[in-house]
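Student: I have a structure open in front of me and would like to learn how to read it, one feature at a time. Could we begin with the spaces in it and then turn to strands and single residues?

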Amino acid sequence: MCGRYAASRRPEDLVGLFDVQKWEPKEALAPDWNVAPTKEVHVVLERPVKDAQDKQPVRQLRKLKWGLVPSWAKSPEGGARMINARVETVHEKPSFRRLFVSRRCLIPADGYYEWVTGAGERQLEEQGKKKRPRKQPYFVTPADGSVMAMAGLYDFWRDPTLPEGHPQAWWVTCTVITTEAEKSPLAVAPAAGPGSLADIHPRMPLMLTPDRWDAWLDPARTDIEAVQELVAPPPGGLMRAYPVTTAVSNVRNNGPELLEELPAPEVETLF
């Protein structure tokens, strides 16, 4: 799954990296080392510019809320639960299938966090003595230091309680597509820790390599089989993972220190 990630790149850098043609500096977000659901995030998408005479799709860097609210939803309350879409069923689920062929996006990240239950804590949990075991967070990031482009979907939702023209009448929200975690060895693994992403968690965000970006963002690509070809797992061995401070588990904590690699996990794990 993807329930927390880091996004510290400057929007100016994302504009150049993703060949963005339009973005509003007033929508620029500050670096965020602890992005949680319902937060606003930077997203790359292609669609015509609102109110423009030219209706050709334009690649844009937009500010969206993480947690999908489908256009047909009666209220936005379910958005916090729809932060992920499984790649195996994204083309079938009512909330996602229309977006899969018409409203795709890329969500730039430094990497994502995932938690592993500590060995002793897991034993207590299994014995029913502890309901909330301590977990060791790991940060997963491209081994070459590049931006991680997570495959995503987005949609528009109109708040019926607000009048036309109200600045908050329209919500634009997104979700991250996830896939089965890689079982192949990590490019760089901790000395005493997980050897693969699957050792950390059975799911992972679907990362798209640069050779797929244009096709994924192209709104003219609406053939479902052609789109499904784009969500094949990326090549293995591109990622590294390392333990980080348990402070990241509190969404109120935010800063570059959350990405610092620990010499050893703070919580003893089964590795």
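Tutor: Let us begin with the largest pocket, to whose lining strand β5 gives the most, with six residues. Please keep in mind throughout that this is a predicted model.

Student: Which other strands supply at least two residues of the lining of the largest pocket?

Tutor: Besides β5, the strands β2 (22-23), β4 (40-47) and β11 each supply at least two residues. The whole lining is made up of 26 residues, and those that lie nearest the centre of the pocket are Glu27, Arg62, Phe156, Trp170 and Val172.

Student: How is such empty space found, and how much of it lies in the largest pocket?

Tutor: The general idea is that rolling a probe the size of a water molecule over the atoms shows where empty space is left. In this structure, about 920 Å³ of space lies in the largest pocket.

Student: How many cavities of 30 Å³ or more does the structure hold?

Tutor: A cavity is a space where the probe fits but cannot get out, whereas a pocket is open. The structure holds one cavity of 30 Å³ or more, and about 40 Å³ of space lies in the largest cavity. The residues that line this largest cavity are Glu46, Ser102, Arg103, Arg104, Tyr154, Trp216, Leu217, Asp218 and Pro219.

Student: Now to the strands: in what order do they lie in the open sheet of five strands?

Tutor: The order of a sheet is read across it, from one strand to its neighbour, and here it is β3-β1-β8-β9-β13, with antiparallel pairing. The strands at the edges are β3 (32-35) and β13 (239-243), each of which pairs on one side only. From one strand to the next, the twist averages 25°.

Student: How many bridges join β1 to β8?

Tutor: Strand β1, residues 5-7, and strand β8, residues 111-117, run antiparallel and are joined by two bridges. If you look for Tyr5, you will find that its bridge partner in β8 is Tyr112.

Student: Let us take single residues next. Is Thr175 buried or exposed?

Tutor: Burial is judged by relative accessible area, and a residue under 20% is called buried. Thr175 counts as buried because its relative accessibility is 0%. This residue has its place in strand β11, which covers residues 170-180.

Student: Which backbone atoms does the side chain of Thr175 reach?

Tutor: The side chain of Thr175 reaches the backbone oxygen of Met82 at 3.2 Å, and a polar atom of that side chain lies 3.1 Å from the backbone nitrogen of Asn84. Leaving aside residues up to four places away in sequence, Thr175 touches several others, among them Trp66, Phe96, Ile107 and Gly152.

Student: Strand β11 also holds Thr173, so what does the side chain of Thr173 reach?

Tutor: The side chain of Thr173 reaches the backbone nitrogen of Val69 at 2.8 Å. Thr173 is buried, with a relative accessible area of 1%, and the residues it touches beyond four places in sequence include Leu64, Gly67, Val69 and Asp155.

Student: Where is Val69 placed?

Tutor: Val69 is found in the loop between β5 (58-66) and β6 (84-86), and at 2% relative accessibility Val69 counts as buried. Residues far along a chain can be compared by their C-alpha atoms: Val69 and Phe156 are 87 residues apart along the chain, and their C-alpha atoms are separated by 7.5 Å.

How values were computed:
Residues are numbered from 1 along each chain as its sequence is written. This is a predicted model: local features need pLDDT of at least 70, side-chain atom pairs count only at pLDDT 80 or more; totals for chains, interfaces and linings use all residues. Side-chain values use heavy atoms; hydrogens and water are left out. Two strands pair if DSSP finds at least two bridges between them. Helices (H or I, at least four residues) and strands (E, at least two) are DSSP runs, numbered from the N terminus. Axes are lines fitted to C-alpha atoms, for helices over the stretch in contact, and angles run from 0 to 180 degrees between N-to-C directions. Buried means under 20% relative accessible area, exposed over 50%, partly exposed in between (1.4 Å probe, protein chains only). A polar contact is a pair of N or O atoms within 3.5 Å; within protein, one must be able to donate a hydrogen and the other to accept it, and residues adjacent in sequence count only if both atoms are side-chain atoms. Contact means heavy atoms within 4.5 Å. On a 1 Å grid over the protein atoms alone, a cavity is a set of points where a 1.4 Å probe fits but cannot get out, and a pocket is an open set with protein on both sides within 12 Å along at least five of seven lines; lining residues have an atom within 4 Å of a point. Grid points are joined across faces, edges and corners, and a volume is the space filled by probe spheres set on the points.
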